[in-house]
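This report describes a predicted model. The sequence and structure are shown below.

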Amino acid sequence: MIVDITRTIRLSLCPDATTCVLLLGATTAHTQSFNAIVRYGWDRSISNGVELHKATYREHRSQFSLPSQLACAARVKATEVLKAAKTAVKAAAKLNKERAEKAKRHGKPAPQPRVISCQYSSFSP
C-alpha cells in the first residue's frame with residue numbers, strides 16, 4: 001500500500017529590500033485585480049467563476065502583470081466574495097419583505113429597507 005502524505009509548512013521570510021519591493025508590487029497588483037474583478041462581477045450580476053475567468057483573465061494578466069496563479073487566485077477570491085454578497089442580498093430582500101408585511105399587519109409604516117453593498121479589499125503595507 002502506498003500512502004501519499006502532503007505537508008504544509010510555514011516559513012518566515014527575511015527578504016532584502018529588492019525582494020520586499022517585488023513582493024509589495026505583487027501583493028498590490030493582486031489586490032487591484034481582485035477589486036476590479038469584484039467590481040466587474042457586481043456591476044454585471046455575475047458570480048460564476050467560469051464566466052468571470054473568461055471575461056477577465058487575459059486582460060488582468062496583462063494589465064496587472066500577474067503570473068497565472070495569482071490571476072486565478074484573485075478571480076477565485078472575487079468569486080467567493082460575489083457569491084457571499086449574492087446570498088446576503090437575497091437574505092436582505094427576504095428580511096425586508098417580512099418586515100414590511102409585519103409593519104403593514106400592525107398598521108405601521110414600512111421600515112427602511114436594508115441595503116447590501118459589495119465589499120472591496122484595501123491593502124496598506
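The sections that follow treat one helix, the nonpolar core, a buried threonine and an internal cavity of this predicted model.

## Helix α1

Helix α1 covers residues 17-44, 28 residues in total. From its first C-alpha to its last it reaches 41 Å, close to the 40 Å expected at 1.5 Å a residue. Just after α1, S45 adopts a positive phi of about 55 degrees.

The buried residues of α1 are A29, T31, S33, F34, N35, I37, V38 and G41. These buried residues pack against two other helices, α2 (49-64) and α3 (68-105). An α-helix has 3.6 residues a turn, so residues three or four places apart point the same way.

## Nonpolar core

Eight residues make up the largest nonpolar core: F34, I37, V38, I46, L52, A74, A78 and L82. Helices α1 and α3 are the elements that give two or more residues to this core. Of the core members, F34, I37 and V38 also appear among the buried residues of α1.

L52, another member of the core, has contacts with residues well beyond its sequence neighbours: with residues up to four places away left out, L52 touches I37, Y40, G41, I46, Y57, R75, T79 and L82. Among these partners, I37, I46 and L82 belong to the core as well.

## Threonine 79

T79 lies in helix α3. This residue counts as buried because its relative accessible area is 9%, and the cut-off for burial is under 20%. Leaving aside residues up to four places away in sequence, T79 touches S47, G49 and L52. The contact between T79 and L52 thus links a residue of α3 to a member of the largest nonpolar core.

## Internal cavity

The structure holds one cavity of 30 Å³ or more, and the volume of the largest cavity is about 30 Å³. S33, I37, H53, T56, Y57, H60, A71 and R75 line this cavity. Helices α1, α2 and α3 are the elements that give two or more residues to its lining. The largest share, four residues, comes from α2.

By residue class, the lining of the largest cavity divides into three nonpolar, four polar and one charged. I37 belongs both to this lining and to the largest nonpolar core. Two further lining residues, Y57 and R75, are among the residues that L52 touches.

Definitions and conventions. Residues are numbered from 1 along each chain as its sequence is written. This is a predicted model: local features need pLDDT of at least 70, side-chain atom pairs count only at pLDDT 80 or more; totals for chains, interfaces and linings use all residues. Side-chain values use heavy atoms; hydrogens and water are left out. The expected span of a helix is 1.5 Å times one less than its number of residues. Buried means under 20% relative accessible area, exposed over 50%, partly exposed in between (1.4 Å probe, protein chains only). Contact means heavy atoms within 4.5 Å. A nonpolar core is a set of buried Ala, Val, Leu, Ile, Met, Phe, Trp, Tyr and Cys residues joined through side-chain atoms within 4.5 Å. On a 1 Å grid over the protein atoms alone, a cavity is a set of points where a 1.4 Å probe fits but cannot get out, and a pocket is an open set with protein on both sides within 12 Å along at least five of seven lines; lining residues have an atom within 4 Å of a point. Grid points are joined across faces, edges and corners, and a volume is the space filled by probe spheres set on the points. Ala, Val, Leu, Ile, Met, Phe, Trp, Tyr, Cys and Pro count as nonpolar, Asp, Glu, Lys and Arg as charged, and the others, Gly among them, as polar.
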